[in-house]
Amino acid sequence: MKRIGTAVTAIALLGAACGAQAQLEKRDVHIAVGGQASFYYLPLTIAERLGYFKDEGINLKISDFAGGAVALRAVVGGSADVVSGAYEHTVSLQSKKQFFQAFVAQGRLPQIAFGVATSKAASVKTLKDLKGLKVGVSAPGSSTHNLVKQLLSKAGLDPNKDVAVIGVGLGATALNALKSGQIDAISNTDPVMTSLEQDKAIKVIADTRTLKGTEEVWGAPLPAGVLHAAIEFVQKNPNTVQALANAIVRADKWIAKASATDVAKVVPESYLLGDRALYLFSYNKVKEAISPDGLISDAGAKATVKALAAFDPAVKPGEIQLEKTYTNEFAKKANLKYK
């Protein structure tokens with residue numbers, strides 16, 4: 001009887017698990033991301049490579065674009081369901097009466113650095129000296145571009161007129177653009193920026209890869225990479241969104257305990273940019289910037305609105321409904337599941 005009871009229990013548990021997956025409103029999910037190889041989106045890659053999305057019943061498709069703004073356009077245009085991009089885009093979109101909501105965090109700091117080519121560094125003594133330069137960003141309108149806008153605004157320059165902004169991606173294309181002289185300065189993520197630093201190709205003048213550097217630029221820690229989608233998608237597909245949040249939080253927690261070597265074993269070889277030692281070194285520099293739990297802080301969200309309003313006249317803090325830009329409902333449940 002005991003053996004029969006055990007078998008019945010096992011069948012019941014299996015049925016419950018299948019039932020939980022069957023409740024997903026949408027199993028096939030398409031995520032658009034801008035530069036997946038960067039550490040900015042490491043939790044997405046870890047969750048994908050370790051099968052966490054599959055464990056949640058999600059059949060995932062990822063489309064990788066040159067930058068976050070391009071990935072965002074794919075979702076706004078309806079060709080993808082969810083964006084893996086910067087939290088700040090939910091604020092910018094709302095200022096245009098488009099409501100997107102972030103539901104799980106990958107990064108708690110922006111992880112972006114801004115550097116001037118070594119050949120130009122001597123002539124750039126203050127931020128005002130950036131005027132007239134060609135600046136490389138992952139893609140115009142992306143978070144790497146927003147850092148440039150913030151710095152130029154602080155210096156009293158016009159972000160839209162005083163520099164030439166060029167999209168260079170987030171990988172080898174970005175390295176080549178700087179080293180070949182196509183651009184004079186660059187705003188990008190790791191491992192690109194650390195690679196350029198080690199090659200003495202740039203002089204970093206602003207750095208949000210650390211808490212100290214982020215506070216110097218933005219005045220407060222800002223949420224960075226998140227999963228976000230049209231608020232209607234979140235409301236209509238709560239179980240699917242929960243499954244996505246579960247996978248990312250599980251990856252956040254895996255990363256929090258992982259060594260650089262552990263991470264390098266999981267990511268695709270191409271992410272190492274041909275230099276494993278550099279990748280390991282870069283990871284250790286940005287690890288504190290990766291979210292440990294997928295939660296978005298209210299203070300960070302408020303600071304994001306204030307920061308964007310400094311250079312984007314369309315963002316009016318008094319008109320932004322902060323509660324519609326993000327929710328921690330799903331990340332909190334995910335943390336209970338993956339203690």
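The exercises below work through the overall size, one sheet and the empty spaces of this predicted model.

Residues are numbered from 1 along each chain as its sequence is written. Because this is a predicted model, local features need pLDDT of at least 70 and side-chain atom pairs count only at pLDDT 80 or more, while totals for chains, interfaces and linings use all residues.

**Exercise 1. Work out how the radius of gyration of the protein stands against that of a compact globule.**

Step 1: The radius of gyration is taken over C-alpha atoms, and the globule rule is 2.2 Å times the number of residues to the power 0.38.
Step 2: With 339 residues, the rule gives a value near 20 Å, and the protein has 21 Å, which agrees.
Step 3: Along the principal axes, the C-alpha atoms fill a box of roughly 85 × 45 × 35 Å.

**Exercise 2. Describe the order of the five strands in the open sheet and find its edge strands.**

Step 1: Helices (H or I, at least four residues) and strands (E, at least two) are DSSP runs numbered from the N terminus, and two strands pair if DSSP finds at least two bridges between them.
Step 2: The order is S7-S6-S8-S5-S9, with mixed pairing, and the edge strands, each pairing on one side only, are S7 (164-167) and S9 (202-207).
Step 3: Within this sheet, S5 (residues 112-117) and S8 (residues 185-189) run antiparallel and are joined by five bridges; glycine 115 has isoleucine 186 in S8 as its bridge partner.

**Exercise 3. Identify what lines the largest pocket and the largest cavity.**

Step 1: On a 1 Å grid over the protein atoms alone, a cavity is a set of points where a 1.4 Å probe fits but cannot get out, whereas a pocket is an open set with protein on both sides within 12 Å along at least five of seven lines; lining residues have an atom within 4 Å of a point.
Step 2: The largest pocket is lined by 16 residues, with Ser92, Lys96, Gly141, Lys149 and Asp312 nearest its centre. H4 (68-76), H5 (88-95) and H7 each supply at least two residues of this lining, and the largest share, four residues, comes from H4.
Step 3: Grid points are joined across faces, edges and corners, and a volume is the space filled by probe spheres set on the points; the largest pocket holds about 340 Å³ and the largest cavity about 70 Å³.
Step 4: Among the residues lining the largest cavity are Tyr40, Tyr41, Ile112 and Thr189.

Terms used:
Side-chain values use heavy atoms; hydrogens and water are left out.
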